[in-house]
Amino acid sequence: MTLATVPRYNGDQLPESREKAVVSGASIAGLLAGRILADRFTEVTIIERDYLPTEPVVRRGVPQGAHPHALLEAGRATLEDLFPGFGEDLIAAGGVVVDFASDVNFYGEGDFLAHGSTPMETYSATRPLIEQVVREHVSNLDGVHIRSGCQVTDYLLDDTGTAVEGVVLREGSEQTEITADLVVDATGRTSRTPTWLENHGYTPPEVEEVRIDVAYSTTFIERPADDLRTFLVPPSSPHTRGGMAAPVEGNRWVVSVHGVHGDHPPTDSEGLVEFAANLLTPEVRHLLDDHRQVSTDIEYYPFPTNRRYRYGDLDRFPDGLVVIGDAIASFNPIYGQGMSVAALEALELHQALARDGLEDLPPRFFDRAEEVIDMAWLLAAGSDFAFPQTTGPKPFGTDLISWYLTRLIHKAHTDSTLSSAFFRVLTMEQPPTTLLRPRKMWRVFNPISRAP
């Protein structure tokens, strides 16, 4: 499921009730869930362990927050639907508009893809700034309360043991209970829900992992205000190193290098520049050479595995509880899917509530979320299997799709129609099946090269 196949947000679909909801985690996924729930529930409490900052700075609960984050088309369009004026607010706070068709330089299969002729604009900003603007919009909603500096430590079960009816909250040394008609777990990869299920007589979900062992080192450099060049240079087997640079607020580029399967980048400035010199193309290194670094430290973040929990396969799950975002599935961050997957899952939660309310909500939502995750998983975990060192269950059809995409990307070096089509899949606007339409396949297999 992608932006083109998930029904768009319609706030009139959810009749308001007198019910209460609790969201554990003020991540992007948690904030978007809170926005959806605000249409139905008169009281929505979002609980966050961190003390939330008033400025766009990296917080402890988002250790990857200093690294690049992409707002793909699926995420951008959904945020605009959920929060009218979001784009204007992000730009006013310093974010920039970049065009995938002209500003983004994507390197693959030995060359850069052709620039497109049709604009594909999105926003570029740091994760802390995006999160702050979203949080401000959510905080302004009637009935929504964000409580920071406290943590959900347990779920409350009803007398039958079949439904969650609230949470146990710890704030400092004090512990309180909050009742709720729906609880949403948006606590990310550290989610305790699988363990809680097992401790309360439920079968925990099967865990599926694809090991890629990637790590990032990231810095910020000065950027001329009118220079919006963006470089994406993913690793390409057998070459295990990649890098990227994107314009963000403060007239800066965020520049990151990464390596997979243990070929991890260093954490000092000199080492980072040297690592960048070994990418498949020199543009990222040139930016580092030509522009002054403005960050004092090199940020480092390891990511061992793509991981998903198969909640949709469970035969028994408590009512009144759903899991969303990275707590269901997290993907190799090289592909920048996290925020957009969370946005599409929020839309699926919206649709599930609109259809039948709280009745059998968990299995209905998990079934819908699985369709979003399947597509993102195929793109991320499937791409990771280009490296023979990658381990784990390989998505069905990976080898055939990889073979076809290799041919498509080769042609997209000079064919702007194919490069545009590829970007619309990469940004989760269109499903991968659109690349298999007869006219696209004809361009892929036609031996005559196309002019850009």
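Q: What does Glu 345 touch, leaving aside residues up to four places away in sequence?
A: In this predicted model, Glu 345 touches Ile 324, Gly 325, Ile 328, Phe 365, Ala 369, Val 372 and Ile 373. To count as a contact, heavy atoms have to lie within 4.5 Å. As for its own place, Glu 345 belongs to helix H8, residues 338–356.

Q: How do you know that Glu 345 has no salt bridge?
A: Look at the nearest side chain of opposite charge, which is Arg 308, 8.4 Å away. A salt bridge needs a side-chain nitrogen of Lys or Arg within 4 Å of a carboxyl oxygen of Asp or Glu. Arg 308 misses that cut-off, so Glu 345 is left without a salt bridge even though Glu 345 is buried.

Q: What makes Arg 368 and Glu 348 a salt bridge?
A: Side chains of opposite charge can pair when their charged atoms come close. Here the N to O distance is 2.7 Å, and the cut-off is 4 Å, so the pair passes. The two partners come from distant parts of the chain: Arg 368 sits in helix H9 (residues 361–384) and Glu 348 in helix H8, 20 residues apart.

Q: Are Arg 368 and Glu 348 buried or partly exposed?
A: Buried means under 20% relative accessible area, and partly exposed runs from there up to 50%. Glu 348 has 2%, so Glu 348 is buried. Arg 368 has 25%, so Arg 368 is partly exposed.

Q: Why does the pair Arg 355 and Asp 356 count as a salt bridge?
A: The N to O distance is 3.8 Å, and anything within 4 Å is accepted, so this pair counts too. Arg 355 has a relative accessible area of 63%, and that makes Arg 355 exposed. Asp 356, with 38%, is partly exposed.

Q: How do you know that Lys 394 and Asp 399 meet in a salt bridge?
A: Same kind of check: 3.1 Å from N to O, against a cut-off of 4 Å. For accessibility, Asp 399 has 52%, which puts it in the exposed class, while Lys 394 has 41% and is partly exposed. Elsewhere, salt bridges with shared partners tie Glu 48, Asp 50, Arg 59, Arg 127, Glu 131 and Arg 135 into one network. Searching the whole structure turns up 26 salt bridges.

Q: Why is Arg 60 called exposed?
A: Exposed means over 50% relative accessible area, and Arg 60 has 79%, so the label fits. You'll find Arg 60 in the loop between strand E2 (43–48) and helix H2 (73–82). Together with Arg 49, Arg 170 and Arg 192, Arg 60 forms a positive surface patch.

Q: What makes Phe 445 partly exposed?
A: Phe 445 has 33% relative accessibility, which falls between the 20% and 50% limits. This residue of helix H12 helps make a nonpolar surface patch of about 490 Å², along with Leu 400, Trp 403, Leu 436 and Met 441. Helix H10 (398–412) and helix H12 (438–445) each give two or more residues to that patch.

Q: Why is helix H1 described as largely enclosed?
A: Count the buried residues: 10 of the 10 in H1 (residues 28–37) qualify, so the rest of the structure largely encloses this helix. Among them are Ile 28, Leu 31, Leu 32, Arg 35 and Leu 37.

Q: What do the buried residues of helix H6 pack against?
A: They pack against E12, E14, strand E15 (252–259) and helix H7 (283–290). The residues in question are Gly 271, Leu 272, Val 273, Phe 275 and Ala 276, from a helix that covers residues 269–276.

Q: What makes the phi of Met 428 worth pointing out?
A: Phi is near 65°, a positive value, and Met 428 isn't a glycine. Met 428 lies in the loop between helix H11 (416–426) and H12. With 0% relative accessibility, Met 428 counts as buried, the limit being under 20%. Asp 213 also has a positive phi, near 50°, and belongs to strand E12 (residues 207–222).

Q: Is the peptide bond from Ser 237 to Pro 238 cis or trans?
A: Omega is near 10°, and the bond is cis. Pro 238 is part of the loop between strand E13 (230–233) and strand E14 (241–248).

Notes
Residues numbered from 1 in each chain as written. Predicted model: local features only at pLDDT ≥ 70, side-chain atom pairs only at ≥ 80, totals over all residues. Heavy atoms only, no water. Patch = residues over 30% accessible without salt bridge, like charges linked within 9 Å, V, L, I, M, F, W, Y side chains within 5 Å. Areas by Shrake-Rupley, 256 points an atom, 1.4 Å probe, with all protein chains shown as cover. Lys, Arg positive; Asp, Glu negative; His and termini not counted. Charge placed at Lys NZ, Arg CZ, Asp CG, Glu CD. Helix = DSSP H or I, 4+ residues; strand = E, 2+ residues; numbered from the N terminus. Buried < 20%, exposed > 50% of the residue type's maximum accessible area, 1.4 Å probe, protein only.
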